[in-house]
Amino acid sequence: MTEQLIEIRNVHKAYGAVKAVDGVDLAVGSGELFGLIGHNGAGKTTLFKMMLGLLPASSGDIHIGGQAVRGEAFRQVRRSIGYLPESLALYDNLTGLETLHFFARLKGVDRATCPALLDRVGLAGAAGQRVRNYSKGMRQRLGFAQALLGTPRLLFLDEPTNGLDPQGILEFYRILAELRQGGVTVVLTSHILAEIQQRVDRLALMRNGRIQALGTVQALRHGQDLPLTLRVSF
Ligand code: ATP
């Protein structure tokens, strides 16, 4: 970890009276595998959307690769970021391969890479099937493949293992480990501490729009700043 790839300073986001993100400071190093954990409504998705420039912050600063997340200059940086949203809209009538072609066109990526990506996420055999017939786990794999289009250097994955069976979860983390070896930085969210605690370099615990604890799993396990309910999970 040589540099801070993501720098978030005192970021707030309010929806009317709801403080979805309430003063977050966070830095993620280049090459890090970083977990953002919290219950429903903690503010994880909102923070993701602000890091991607999909949602403006009410106040505060976000920089990625030294570039502020706004304006024309950020569009270049954005091209090197892969994003798996919490629920990706898919066209049921398209096949898996057609779906990936669709996303490749959206991103301006060569569609020739699509079959290999489907293979990587374990969907080679289902490439010609319509998405209508995909299980939740298969849709999630397809969403992951979409996030990997264009060999991104930074990945934001919002609840990537949601809907995956245990084998799918293992395969997902195997791919993440490979990506990390290749120097890709990954930020992922989860509700399930037990699932990510041995797999991330550091994690942040979010609650009510704030980061309640931040550090390596080792440090958090012994730390006093961990909320009791989460300490029990350790
Ligand atoms: P989940 O795990 O359920 O996705 P989360 O940690 O990602 O939760 P967010 O989706 O960021 O949490 O939501 C944070 C808070 O902001 C919640 O109280 C939510 O109801 C509220 N919120 C999110 N989006 C909107 C919106 N578009 N309008 C109003 N309130 C919103």
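In the class counts used here, Ala, Val, Leu, Ile, Met, Phe, Trp, Tyr, Cys and Pro are nonpolar, Asp, Glu, Lys and Arg are charged, and the others, Gly among them, are polar. Keep that at hand for the exercises below, and bear in mind that the model is predicted.

**Exercise 1. The cavity**

Find how many cavities of 30 Å³ or more the structure holds, then describe the lining of the largest cavity by class.

*Solution.* Start with the search: over the whole structure, one cavity of 30 Å³ or more turns up. The volume of the largest cavity is about 80 Å³.

Next, list the lining: Arg120, Val121, Gln140, Arg141, Phe144, Pro160, Leu164, Gly168, Glu171, Phe172 and Ile175.

Now sort these residues with the opening definition. Val121, Phe144, Pro160, Leu164, Phe172 and Ile175 belong to the nonpolar class, Gln140 and Gly168 to the polar class, and Arg120, Arg141 and Glu171 to the charged class. The tally is therefore six nonpolar, two polar and three charged residues.

Finally, turn to the helices. Both α5 (136-148) and α6 (166-181) supply at least two lining residues, and α6 gives the most, with four.

**Exercise 2. The largest pocket**

Work out which element gives the most to the lining of the largest pocket.

*Solution.* First, place the pocket. Its volume is about 540 Å³, and of the 19 residues that line it, Arg78, Arg79, Ile81, Leu106 and Lys107 are the closest to its centre.

Then look at the elements giving two or more residues to this lining: they are α2 (71-78), β6 (81-84) and α3 (96-107). Among the contributors, α2 gives the most, with four residues.

To finish, add the classes: the lining of the largest pocket has 11 nonpolar, four polar and four charged residues.

**Exercise 3. Around the ligand**

Identify the residues closest to the ligand and trace polar contacts made by Gly41, Gly43 and His191.

*Solution.* Begin with the shell. The ligand is surrounded by 14 residues, and the closest are Gly41, Lys44, Thr45, Thr46 and Glu86.

For the contacts, apply the cut-off of 3.5 Å between N or O atoms. A backbone N or O atom of Gly41 is 2.8 Å from a ligand oxygen, and one of Gly43 is 2.9 Å from a ligand oxygen. With His191, an N or O atom of the side chain lies 2.9 Å from an oxygen atom of the ligand.

Next comes cover: the ligand taken alone exposes 630 Å², of which the protein buries 62%. Two elements, β2 (18-29) and α1 (44-51), give two or more residues to the shell, with α1 giving the most, three residues. By class, the shell has four nonpolar, seven polar and three charged residues.

**Exercise 4. Strands and a hairpin**

Write down the strand order of the open four-stranded sheet, then describe the turn between β9 and β10.

*Solution.* The order is β2-β1-β4-β5, and the pairing is antiparallel. The edges are β2 and β5 (67-68), each of which pairs on one side only.

Inside this sheet, five bridges link β1 (residues 4-15) to β4 (residues 59-64) in the antiparallel sense. His12 has Ser59 of β4 as its bridge partner.

Now move to the hairpin. β9 (residues 202-207) and β10 (residues 210-215) run antiparallel, joined by five bridges, and Arg207 has Arg210 of β10 as its bridge partner. Two residues lie between the strands, and Asn208 in the turn has a positive phi of about 50°.

Methods:
Residues numbered from 1 in each chain as written. Predicted model: local features only at pLDDT ≥ 70, side-chain atom pairs only at ≥ 80, totals over all residues. Heavy atoms only, no water. 1 Å grid on protein atoms, 1.4 Å probe; cavity = no way out; pocket = protein on both sides within 12 Å on 5 of 7 lines; lining within 4 Å. Points joined across faces, edges and corners; volume = space filled by probe spheres on them. Near = heavy atom within 4 Å. Polar contact = N/O pair within 3.5 Å; in protein donor to acceptor, adjacent residues only side chain to side chain. Areas by Shrake-Rupley, 256 points an atom, 1.4 Å probe, with all protein chains shown as cover. Pairing = 2+ DSSP bridges.
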